[in-house]
Amino acid sequence: MEQLTVMVADDDQEIREGIGIYLKNEGFLVVGAADGQEALDLLETTQVHLVIMDIMMPKLDGIHSTFKIREKRNIPIIMLSARSEDSDKIHGLSIGADDYVTKPFHPMELMARVKSQLRRYVTLGDYEQSGHTLEIDGLRLDSESKTVAVDGAEIRMTPTEFNITELLMQHPGRVFSIGEIYERVWREPAYNAENIVAVHIRKIREKIEADPKNPRYVKVVWGIGYKMEK
């Protein structure tokens, strides 16, 4: 497998260099950006497989940078912030981030999250399944090309959104609890996962449903979880 490249976008040079040391020790190539605009410029010229994005940066902050990245790319994005409020986490996830880490953090926790996100990104579609294509009533997912389409129109998804959609499509009619979805997709124990999963489900519905408030595909089973309608 090719050596994977991680971008660290943070205006604090010590943080960039500190995270970079741990990433290099784990075998990753590392590029750094001191602000959001520099991160966007680097993405135009450098192949990057994952971005660690601080929220508070000059010129262009992490929220707006993530929004811009999602217009073109579906690479994993882990947001960093000194703020721990749930509303900040939900906002970061709702605009396209795949994970959210609060400062101060343990470097090895961040490395574990980086590796988890990259496993999903590089090996999307590794759940038990037969064939490469899943299709339910006009919703089509191709695990080989990593594409999703609704009635022939391709939909852009983040890696996490793709994995949740794939999991539900592989088991139409089966109800997955929030904890099950989190543990199957994030591959770590579910802890305070309700808001995180709910935000991703909402984003998926906004992308695949003609009327997200009256969903055709992803249904909620109140008090239990979510399922993909047969």
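Helices and strands here are DSSP runs, numbered from the N terminus. Keep in mind that this is a predicted model. Now let's work through some exercises.

**Exercise 1. Find the loop that holds D151, then say what stands out about the backbone there and whether D151 is buried or exposed.**

Start with the place: D151 sits in the loop that links β8 (147-150) to β9 (153-155). Next, check the backbone. Most residues other than glycine have a negative phi. D151 is not a glycine, yet its phi is positive, at about 50°. Last comes the surface. The cut-off for exposed is over 50% relative accessible area. D151 has 54% relative accessibility, so it counts as exposed.

**Exercise 2. Do the same for R187.**

R187 belongs to the loop between α7 (178-186) and α8. Its phi is positive too, at about 60°, although R187 is not a glycine. For the surface, partly exposed covers the range between under 20% and over 50%. With 34% relative accessibility, R187 therefore counts as partly exposed.

**Exercise 3. Look at the peptide bond between K103 and P104: what is its form, and where does P104 lie?**

Here's the background: most peptide bonds are trans. The bond joining K103 and P104 is cis, with an omega of about -5°. As for the place, P104 is in the loop between β5 (99-102) and α5 (107-122).

**Exercise 4. Describe the surroundings of S81.**

First, locate it: S81 is part of strand β4, residues 77-81. Then check the cover. Buried means under 20% relative accessible area, and S81 has 3% relative accessibility, so it counts as buried. Now list the neighbours. Leaving out residues up to four places away in sequence, S81 touches D54, I55, Y100, V101, T102 and K103. That brings back K103, the partner of P104 in the cis bond. To finish, try a distance: S81 and G92 are 11 residues apart along the chain, and their C-alpha atoms are separated by 9.8 Å.

**Exercise 5. Now take S177: where is it, and what does it touch?**

S177 lies in strand β10, residues 176-177. With a relative accessible area of 23%, S177 is partly exposed. Not counting residues up to four places away in sequence, it touches I224 and G225. For a longer jump, pick I77: S177 and I77 are 100 residues apart in sequence, and their C-alpha atoms are 25 Å apart in space.

**Exercise 6. Work out what lines the second largest pocket.**

Begin with the space: the pocket holds about 200 Å³. Its lining has 14 residues, and I201, R205, V220, W222 and Y226 lie nearest the centre. Which elements do the lining residues come from? α8 (194-208), β11 (218-221) and β12 (225-228) each supply at least two. The largest share, 6 residues, comes from α8. Finally, sort the lining by class: 9 residues are nonpolar, 2 polar and 3 charged.

**Exercise 7. Step back and sum up the whole protein chain.**

Count the elements: there are 8 helices and 12 strands. Then test the overall fold. A compact globule of 230 residues would have a radius of gyration near 17 Å, and the chain has 17 Å, so the two agree. Along its principal axes, the C-alpha trace spans about 50 × 35 × 30 Å. Of the 230 residues, 48% count as buried. The chain exposes about 11,100 Å², with carbon and sulfur atoms supplying 50% of that.

Definitions and conventions: Residues are numbered from 1 along each chain as its sequence is written. This is a predicted model: local features need pLDDT of at least 70, side-chain atom pairs count only at pLDDT 80 or more; totals for chains, interfaces and linings use all residues. Side-chain values use heavy atoms; hydrogens and water are left out. On a 1 Å grid over the protein atoms alone, a cavity is a set of points where a 1.4 Å probe fits but cannot get out, and a pocket is an open set with protein on both sides within 12 Å along at least five of seven lines; lining residues have an atom within 4 Å of a point. Grid points are joined across faces, edges and corners, and a volume is the space filled by probe spheres set on the points. Helices (H or I, at least four residues) and strands (E, at least two) are DSSP runs, numbered from the N terminus. Ala, Val, Leu, Ile, Met, Phe, Trp, Tyr, Cys and Pro count as nonpolar, Asp, Glu, Lys and Arg as charged, and the others, Gly among them, as polar. The radius of gyration is taken over C-alpha atoms; the globule rule is 2.2 Å times the number of residues to the power 0.38. Buried means under 20% relative accessible area, exposed over 50%, partly exposed in between (1.4 Å probe, protein chains only). Accessible areas come from the Shrake-Rupley method with a 1.4 Å probe; for residues, only the protein chains shown count as cover. Contact means heavy atoms within 4.5 Å.
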